[in-house]
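Here is a short report on a predicted model. Please keep the sequence and the structure in view while reading.

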Amino acid sequence: AGRIVTLLDGARKNPDGLRFDESYLHATICEIISARAPLRLVLPTFHGKCPSRRLTIGDLPDQGEYLAIQTLAELHLRIADIYPATELHLLSEGHFH
């Protein structure tokens with residue numbers, strides 16, 4: 001659980017160097033692992049491409065979107081190497097292409 005917390009903390013964008021209390025996250029991950037339950041990473045996402053082709057250059061992700069998705073996928077794989085029952089879910093309140 002500690003290695004997973006360290007990975008999650010290292011992935012945070014934290015320009016001010018703020019610390020967070022790891023104890024709750026550590027305890028929660030320990031409970032999930034002890035129960036052999038899936039570790040579900042549910043992340044709110046930015047809206048995907050605008051469906052109107054008049055407002056976009058193309059329907060593929062732009063470089064910023066690509067890098068964000070790639071970063072999340074790599075984090076998921078690194079955590080899954082530690083705990084294989086890890087799932088990554090992207091949650092969007094709007095459209096997501």
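## Overall layout

Along the sequence, the elements run α-α-β-α-β. That gives 3 helices and 2 strands in the protein.

The protein has 97 residues, and 20% of them are buried. Consider contacts between residues at least 6 apart in sequence: 63% of these join residues at least 24 apart.

## How α1 meets α2

Helix α1 covers residues 2-11, and helix α2 covers residues 22-34. Their axes come within 9 Å. They cross at roughly 130 degrees. Angles over 115 degrees but not over 145 fall in the oblique range, so α1 and α2 are oblique to each other. The crossing of α1 past α2 is right-handed.

Which residues make the contact? From α1 come G2, I4, V5, L8 and D9. From α2 come E22, L25, H26, I29 and I33. Sorted by class, this contact has 6 nonpolar residues, 2 polar and 2 charged.

The general geometry of a helix is useful for reading such lists. An α-helix has 3.6 residues a turn, so residues three or four places apart point the same way.

## The buried residues of α1

Five names matter here: I4, V5, L7, L8 and D9 are the buried residues of α1. I4, V5, L8 and D9 are also listed in the contact with α2. D9 is thus named both as buried and as part of that contact.

What covers these buried residues? The cover includes α2. It also includes strand β1, residues 39-44, and helix α3, residues 63-82.

## The span of α2

Helix α2 has 13 residues. From its first C-alpha to its last, α2 reaches 18 Å. That is close to the 18 Å expected at 1.5 Å a residue.

## R36, just after α2

R36 comes just after α2. It lies in the loop between α2 and β1. What is notable about its backbone? R36 has a positive phi of about 55 degrees, although R36 is not a glycine. As background, most residues other than glycine have a negative phi.

Is R36 buried or exposed? Its relative accessibility is 75%. The cut-off for exposed is over 50%, so R36 counts as exposed.

## Summary

The predicted model follows the pattern α-α-β-α-β. Helices α1 and α2 cross obliquely, with a right-handed crossing. The buried residues of α1 are covered by elements including α2, β1 and α3. Beyond α2, exposed R36 takes a positive phi.

Terms used:
Residues are numbered from 1 along each chain as its sequence is written. This is a predicted model: local features need pLDDT of at least 70, side-chain atom pairs count only at pLDDT 80 or more; totals for chains, interfaces and linings use all residues. Side-chain values use heavy atoms; hydrogens and water are left out. Axes are lines fitted to C-alpha atoms, for helices over the stretch in contact, and angles run from 0 to 180 degrees between N-to-C directions. Helices (H or I, at least four residues) and strands (E, at least two) are DSSP runs, numbered from the N terminus. Angles under 35 degrees count as roughly parallel, over 145 as roughly antiparallel, 65 to 115 as roughly perpendicular and the rest as oblique. A crossing is left-handed if the near helix is turned anticlockwise from the far one by less than a right angle, and right-handed if clockwise. Contact means heavy atoms within 4.5 Å. Ala, Val, Leu, Ile, Met, Phe, Trp, Tyr, Cys and Pro count as nonpolar, Asp, Glu, Lys and Arg as charged, and the others, Gly among them, as polar. The expected span of a helix is 1.5 Å times one less than its number of residues. Buried means under 20% relative accessible area, exposed over 50%, partly exposed in between (1.4 Å probe, protein chains only).
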